[in-house]
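Please brief me on this structure. I want the core, the aromatic contacts, the unusual backbone geometry and the open or enclosed spaces.

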Amino acid sequence: MNERHAIPNALLLGEVCALLADGRKVKLRAKGGSMRPFIRGDEDILVLGPPTRLRRGDVVLARRGTDEYVLHRIVRMTAERIVLAGDDNLYQREECRPEDICGKAETLVRNGRQYRLTSLSARLCACLWYSLLPFRRLGWKVRSMIANRKQ
């Protein structure tokens, strides 16, 4: 009999971070919608590795506080702080320190096919998507205005 048990994110991701700190790779099913359209929650599987050679555009697992974790993209970084954002977030940003990064997403598995998230084409697509942010915000405002007029 296959039974599913829910494990609190803080506990699960704390263990994932410990495995990554030991140099291991971990497979996780994506949850949530903040990384759409590139990562689909409840569909895609991510292969995470240790956070080596971090660069802008990398998708990382970061610890925020004692029991909060996010899997978002690096949009800006300095030696002291890293700014993260979900691909589908129009406004929200998170900040963390470099030592709070637990792992880096290396591969996405969708429908049995593997896609390297660190490839040049994946980076270019993410960069283009992020550069369209002002237009995506404008589109959202127009859509909201139209919806409000209909009510």
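The points below are grouped by topic.

The model is predicted. Its single aromatic pair joins phenylalanine 38 and tryptophan 129. The largest nonpolar core holds 18 residues. The largest pocket has a volume of about 670 Å³, and the structure also holds one cavity of 30 Å³ or more.

**Nonpolar core**

- In soluble globular proteins, nonpolar side chains tend to be buried together.
- Here the largest nonpolar core has 18 residues, and Val16, Ile39, Leu48 and Leu61 touch the most other members.
- Elements that give two or more residues to this core are α1 (9-21), β1, β2, β3 (59-64) and β7 (101-110).
- Helix α1 provides the largest share of this core, four residues.

**Aromatic pair and the charge over a ring**

- A pair of aromatic rings is described by the distance of the centres and the angle of the planes.
- The structure holds one such pair.
- The ring centres of phenylalanine 38 and tryptophan 129 are 6.2 Å apart.
- Their planes stand at 85°, so the pair is edge-to-face; the cut-off for that class is over 60 degrees.
- Phenylalanine 38 sits in the loop between β1 (26-29) and β2 (45-49), and tryptophan 129 in helix α2, so the pair ties together parts 91 residues apart in sequence.
- Phenylalanine 38 has a relative accessible area of 24% and is partly exposed.
- Tryptophan 129 also counts as partly exposed, at 26% relative accessibility.
- Phenylalanine 38 has a further contact: the charged end of arginine 73 sits over its ring, 5.6 Å from the ring centre.

**Backbone geometry in loops**

- The peptide bond from arginine 36 to proline 37 is cis, with omega near 10°.
- Proline 37 lies in the loop between β1 and β2, the loop that also holds phenylalanine 38.
- Arginine 53 is a residue other than glycine with a positive phi, near 45°.
- The loop between β2 and β3 holds arginine 53.
- Arginine 53 has a relative accessible area of 71%, so it counts as exposed; the cut-off is over 50%.
- Asparagine 111, again a residue other than glycine, has a positive phi near 50°.
- Asparagine 111 is found in the loop between β7 and β8 (113-116).
- At 75% relative accessibility, asparagine 111 is exposed.

**Largest pocket**

- This pocket has a volume of about 670 Å³.
- Its lining has 23 residues, and Asn9, Leu12, Arg29, Ala30 and Lys31 lie nearest the centre.
- At least two lining residues come from each of α1, β1, β2 and β4.
- Strand β4 gives the most to this lining, with four residues.
- By class, the lining has 14 nonpolar, six polar and three charged residues.

**Second largest pocket**

- About 300 Å³ of space lies in the second largest pocket.
- It is lined by 19 residues, and Phe38, Tyr115, Arg116, Leu117 and Ala122 are the closest to its centre.
- Phe38 thus appears in this lining as well as in the aromatic pair.
- The elements giving two or more residues to this lining are β7, β8 and α2.
- Helix α2 supplies the largest share, five residues.
- The lining divides into nine nonpolar, four polar and six charged residues.

**Largest cavity**

- The structure holds one cavity of 30 Å³ or more.
- About 40 Å³ of space lies in the largest cavity.
- Its lining is made of Arg73, Val75, Ala85, Gly86, Asp87, Ala126, Trp129 and Tyr130.
- Two or more lining residues come from each of β4 (68-77) and α2 (120-131).
- Helix α2 gives the most, with three residues.
- By class, this lining has five nonpolar, one polar and two charged residues.
- Two of the residues in this lining, Arg73 and Trp129, have been met above: the charged end of arginine 73 sits over the ring of phenylalanine 38, and tryptophan 129 pairs with phenylalanine 38 edge-to-face.

Methods:
Residues numbered from 1 in each chain as written. Predicted model: local features only at pLDDT ≥ 70, side-chain atom pairs only at ≥ 80, totals over all residues. Heavy atoms only, no water. 1 Å grid on protein atoms, 1.4 Å probe; cavity = no way out; pocket = protein on both sides within 12 Å on 5 of 7 lines; lining within 4 Å. Points joined across faces, edges and corners; volume = space filled by probe spheres on them. Nonpolar A, V, L, I, M, F, W, Y, C, P; charged D, E, K, R; others polar. Phe/Tyr/Trp six-rings, centres within 6.5 Å; stacked < 30°, edge-to-face > 60°. Buried < 20%, exposed > 50% of the residue type's maximum accessible area, 1.4 Å probe, protein only. Lys NZ or Arg CZ within 6 Å of the ring centre and 35° of its normal. Core = buried A, V, L, I, M, F, W, Y, C linked by side-chain atoms within 4.5 Å.
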